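Reader: I have a structure open and want to go through it point by point. Can you take my questions in turn?

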Amino acid sequence: MAPRFEVLGRFNRARAARLTLPHFTCQTPLFMPVGTQGTIKGLTTDQLDTIGCQIILGNTYHLELRPGSQLIDDLGGLHKFMNWKRALLTDSGGFQMVSLLHLADITEEGVTFQSPVDGKPMLLTPEESIHIQNNIGADIIMALDDVVKTTITGPRIEEAMYRTLRWIDRCISAHKKPDVQNLFGIVQGGLDPVLRDICVRGLVERNLPGYAIGGLAGGEDKDSFWRVVAQCTAGLPEDKPRYVMGVGYPLDIVVCSALGADMYDCVYPTRTARFGTALVPEGVLKLKQNAMATDERPIDPSCSCMVCKNYTRAYLHCLVTKDPMGSQLLSYHNLSFMMRLSRDLHMSILEGRFPEFVRGFLRVQVCLVLSSVTHIRNHTCLK
């Protein structure tokens with residue numbers, strides 16, 4: 001089924017919407033935790049359901065390496081394999097062109113990776129990426145794009161953008177399940193506004209079920225990052241979901257939502273949990289610090305998650321980085337925080353109090369960069 005995207009409320013460019021997918025009806029803005037190999041480390045699918053997770057992201061490249069997409073398909077698809085009844089999204093494997101660049105060789109045909117598991121070469125073409133994702137069975141699948149870091153300059157950026165447009169047509173042709181899986185295209189073009197515009201127009205001409213903004217959150221300055229998001233969301237269709245890839249900092253999600261984006265993913269909430277850091281309204285709480293050793297308060301007194309209801313900072317201080325349960329409890333809390341942020345964004349837009357919500361959010365952020373306030377005002381008329 002094609003996704004149904006219904007905008008329920010707006011404040012200038014920000015929108016609250018209902019996204020209906022084959023396995024679940026979601027509310028946006030929404031954050032998607034990353035389950036690289038079909039699991040969020042340390043958490044069960046029942047726990048993810050309890051905290052309100054709507055979509056989990058799986059990694060095409062890693063799932064193909066282990067356990068293999070054919071096995072997943074033979075066993076009923078990734079939903080059944082991991083016991084997840086809500087929605088799934090799989091990336092295309094394109095990000096590994098950056099994260100595993102030392103193992104990758106990129107040509108017009110596709111990208112050849114040297115497997116980090118056994119050293120064997122693996123050719124990932126647009127057609128193969130879609131075939132793997134068709135086997136996995138996610139509600140949303142991503143086109144294979146040519147990804148380069150935004151900090152790179154010169155002709156490589158232009159080459160990657162035009163190759164991304166050529167590859168989208170190969171992905172569309174290879175897609176065998178358009179009735180049950182929704183193919184999103186990815187806007188590339190680095191920090192060059194002309195290249196971004198060309199890519200946006202080219203993808204919109206293909207009339208895809210949804211669109212992602214890729215190639216960001218790779219080391220560029222915040223103002224450039226937000227400028228590209230503002231430019232791309234302005235050019236993408238009003239009636240289709242917009243997904244900013246690789247974004248997980250709460251401040252970035254609030255700003256991007258104000259700029260008209262709907263969906264986000266990142267490993268940040270769970271990865272930072274494994275290093276003993278909790279997300280709180282003021283920013284972050286580092287539970288490894290000695291000051292936590294005798295602190296009887298919960299991580300966040302305003303949070304109603306299971307961890308904040310039952311455990312003190314002192315207890316968590318004893319566990320973090322020493323016992324697996326510490327990272328599990330912090331991962332649970334951090335994802336609860338992100339789900340609550342998503343719900344608060346959605347409801348504040350619906351209830352006509354989005355400006356008040358954003359001001360309140362920014363007011364308590366202890367490490368807030370002044371330019372973020374200026375950028376939101378400039379692009380959303382938030383006054």
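Author: One term comes up at once: buried means under 20% relative accessible area, exposed means over 50%, and partly exposed lies in between. Note also that this is a predicted model.

Reader: Take Asn207 first. Is Asn207 buried or exposed?
Author: Asn207 is found in the loop between α8 (193–205) and β12 (210–213). The cut-off for exposed is over 50%. Asn207 has 58% relative accessibility, so Asn207 counts as exposed.

Reader: What is the phi of Asn207, about?
Author: Most residues other than glycine have a negative phi. Asn207 is not a glycine, yet its phi is positive, at about 50°.

Reader: And Asn12: which class of accessibility does Asn12 fall in?
Author: Asn12 sits in the loop between β1 (4–11) and β2. Asn12 is not a glycine either, but has a positive phi of about 50°. Its relative accessible area is 42%, so Asn12 is partly exposed.

Reader: Now the backbone at Pro29. What is the peptide bond from Thr28 to Pro29, cis or trans?
Author: Most peptide bonds are trans. Pro29 lies in the loop between β3 (25–28) and β4 (30–33). From Thr28 to Pro29, omega is near 5°, and the bond is cis.

Reader: Where is Pro67, which follows Arg66?
Author: The peptide bond from Arg66 to Pro67 is cis, with omega near 5°. Pro67 is placed in the loop between α2 (60–65) and α3 (69–74).

Reader: On to empty space. What volume does the largest cavity have?
Author: The count is one cavity of 30 Å³ or more. The space in the largest cavity is about 40 Å³.

Reader: Which element gives the most to the lining of the largest cavity?
Author: The lining is made of Gln27, Pro29, Gly52, Gln54, Met339, Ser342, Arg343 and His346. By class, these divide into two nonpolar, five polar and one charged. Four residues of the lining come from the top contributor, α14.

Reader: Then the largest pocket. Which residues are the closest to its centre?
Author: The largest pocket holds about 1,300 Å³ of space. Of the 50 residues that line the largest pocket, the closest to its centre are Phe95, Gly246, Asp265, Cys266 and Val267.

Reader: Which element has the largest share of the lining of the largest pocket?
Author: By class, the lining has 20 nonpolar, 20 polar and ten charged residues. At least two residues each come from α5 (96–99), α9 (222–235), β14 (263–266) and α11 (268–274). The largest share is four residues, supplied by α11.

Reader: Charges next. How far apart in sequence are the parts that Glu238 and Arg15 tie together?
Author: The structure holds 20 salt bridges. One of them joins the side chains of Glu238 and Arg15, at 3.6 Å, N to O. Glu238 lies in the loop between α9 and β13 (242–244) and Arg15 in strand β2 (residues 14–20), so the pair ties together parts that are apart in sequence by 223 residues.

Reader: Is Arg15 buried or exposed?
Author: Its partner Glu238, at 43% relative accessibility, counts as partly exposed. Arg15 has a relative accessible area of 0%, so Arg15 is buried.

Reader: Which residues are in the network that includes Glu108 and Arg166?
Author: Glu108 forms a salt bridge with Arg166, with the closest N and O atoms 2.8 Å apart. Glu108 is in the loop between β7 (104–106) and β8 (111–114), Arg166 in helix α7 (residues 155–174), 58 residues apart. Salt bridges that share partners form one network of Glu108, Asp146, Arg156, Glu159, Arg163 and Arg166.

Reader: Are Arg313 and Asp295 buried or exposed?
Author: The side chains of Arg313 and Asp295 meet in a salt bridge at 3.3 Å, N to O. Arg313 is in helix α13 (residues 313–319) and Asp295 in the loop between β16 (283–286) and α12 (306–310), so the pair ties together parts 18 residues apart in sequence. Both residues, Arg313 and Asp295, are buried.

Reader: Last, the surface. Which residues make the nonpolar patch with Met347?
Author: Met347 is in helix α14 (residues 324–350). At 32% relative accessibility, Met347 counts as partly exposed. The patch has about 220 Å², and the residues that make it with Met347 are Leu8 and Leu350.

Technical notes
Residues numbered from 1 in each chain as written. Predicted model: local features only at pLDDT ≥ 70, side-chain atom pairs only at ≥ 80, totals over all residues. Heavy atoms only, no water. Patch = residues over 30% accessible without salt bridge, like charges linked within 9 Å, V, L, I, M, F, W, Y side chains within 5 Å. Areas by Shrake-Rupley, 256 points an atom, 1.4 Å probe, with all protein chains shown as cover. Salt bridge = Lys/Arg side-chain N within 4 Å of Asp/Glu carboxyl O. Buried < 20%, exposed > 50% of the residue type's maximum accessible area, 1.4 Å probe, protein only. 1 Å grid on protein atoms, 1.4 Å probe; cavity = no way out; pocket = protein on both sides within 12 Å on 5 of 7 lines; lining within 4 Å. Points joined across faces, edges and corners; volume = space filled by probe spheres on them. Nonpolar A, V, L, I, M, F, W, Y, C, P; charged D, E, K, R; others polar.
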